[in-house]
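Let's learn to read helices together, one feature at a time. Please have a look at the chain below, and then we can talk it through.

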Amino acid sequence: SRLLDFPLVHKLGQSSYSFYIYHFIIMYWLAWGLLHLVSAEITANYPLLLSLLLAVVSVPLTFVVAQLSYQAVERPMIGWGARLRLQRK
């Protein structure tokens, strides 16, 4: 599939573990904030629109957080693990 050849999809594949970890947390806090900002009447009348808004905000935000986590945490730990493995040989 050509979709899998896009650089953005490759980046997501790199940090997919972080994405899965962070997405629920970010989505939860965004939903919590949204429910405190939006009235119950609007929430009841437009659930699909609010869910779409939540997805449009949470997915890119999670992507950025996952990329930062991959660069700052995962890559250094992968390198550290590789060096440790070489030292034990």
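**Reading two helices**

Q: Where does Ile-26 lie?
A: Ile-26 lies in helix 2. Keep in mind as we go that this is a predicted model.

Q: Is Ile-26 buried or exposed, and how do I tell?
A: The general idea is a cut-off: a residue is buried when its relative accessible area is under 20%. Ile-26 has 14% relative accessibility, so it counts as buried.

Q: Which residues does Ile-26 touch, leaving out those up to four places away in sequence?
A: Setting such sequence neighbours aside is a helpful habit in a helix. Ile-26 then touches Ser-58, Leu-61, Thr-62 and Val-65. You can also look at the backbone: the C-alpha atoms of Ile-26 and Leu-54 are separated by 9.9 Å, with their places 28 residues apart along the chain.

Q: Which other residues of helix 2 are buried, and what covers them?
A: Start with the general pattern: an α-helix has 3.6 residues a turn, so residues three or four places apart point the same way. Now the case here: Ser-18, Phe-19, His-23, Ile-26 and Leu-34 are the buried residues of helix 2. Their cover includes helix 1 (7–14) and helix 4 (47–88).

Q: How many residues does helix 2 have, and how far does it reach?
A: A good way to read length is to set the span against the expected one. Helix 2 covers residues 16–37, which makes 22 residues. From its first C-alpha to its last it reaches 30 Å, close to the 32 Å expected at 1.5 Å a residue.

Q: Where does helix 2 bend?
A: Look at the direction of the axis on either side of a residue. In helix 2 there is a bend of about 35° at Tyr-22.

Q: Which residues make the nonpolar surface patch?
A: Tyr-17, Ile-21, Phe-24, Ile-25, Tyr-28, Trp-29 and Trp-32 make it, and the patch is about 830 Å². Take one of them as an example: Trp-32 lies in helix 2. Its relative accessible area is 43%, so Trp-32 counts as partly exposed.

Q: What about helix 4: which of its residues are buried?
A: The buried residues of helix 4 are Leu-50, Leu-54, Ser-58, Thr-62, Phe-63, Ala-66, Gln-67, Ser-69, Tyr-70 and Glu-74. Among what covers them are helix 1, helix 2 and helix 3 (40–45). Helix 4 also bends, by about 40° at Tyr-70.

Q: Why does Thr-62 count as buried, and which residues is it in contact with?
A: Apply the cut-off once more. Thr-62 lies in helix 4, and its relative accessibility is 0%, so it counts as buried. Leaving aside neighbours within four places in sequence, Thr-62 is in contact with Phe-19, Tyr-22, His-23 and Ile-26.

Q: How does Ser-69 read: buried or exposed?
A: Ser-69 has its place in helix 4. With 9% relative accessibility, Ser-69 counts as buried. Not counting residues up to four places away in sequence, Ser-69 touches Ser-18, Tyr-22 and Glu-74.

Q: And what separates the C-alpha atoms of Trp-32 and Ser-69?
A: Here you read two separations, one along the chain and one in space. Trp-32 and Ser-69 are 37 residues apart along the chain, and their C-alpha atoms are separated by 23 Å.

Conventions:
Residues are numbered from 1 along each chain as its sequence is written. This is a predicted model: local features need pLDDT of at least 70, side-chain atom pairs count only at pLDDT 80 or more; totals for chains, interfaces and linings use all residues. Side-chain values use heavy atoms; hydrogens and water are left out. Helices (H or I, at least four residues) and strands (E, at least two) are DSSP runs, numbered from the N terminus. The expected span of a helix is 1.5 Å times one less than its number of residues. The bend at a residue is the angle between axes fitted to the seven residues ending there and the seven starting there. Buried means under 20% relative accessible area, exposed over 50%, partly exposed in between (1.4 Å probe, protein chains only). Contact means heavy atoms within 4.5 Å. Patches are made of residues with over 30% relative accessible area and no salt bridge: like charges are joined within 9 Å, nonpolar side chains (Val, Leu, Ile, Met, Phe, Trp, Tyr) within 5 Å. Accessible areas come from the Shrake-Rupley method with a 1.4 Å probe; for residues, only the protein chains shown count as cover. A salt bridge is a side-chain nitrogen of Lys or Arg within 4 Å of a carboxyl oxygen of Asp or Glu.
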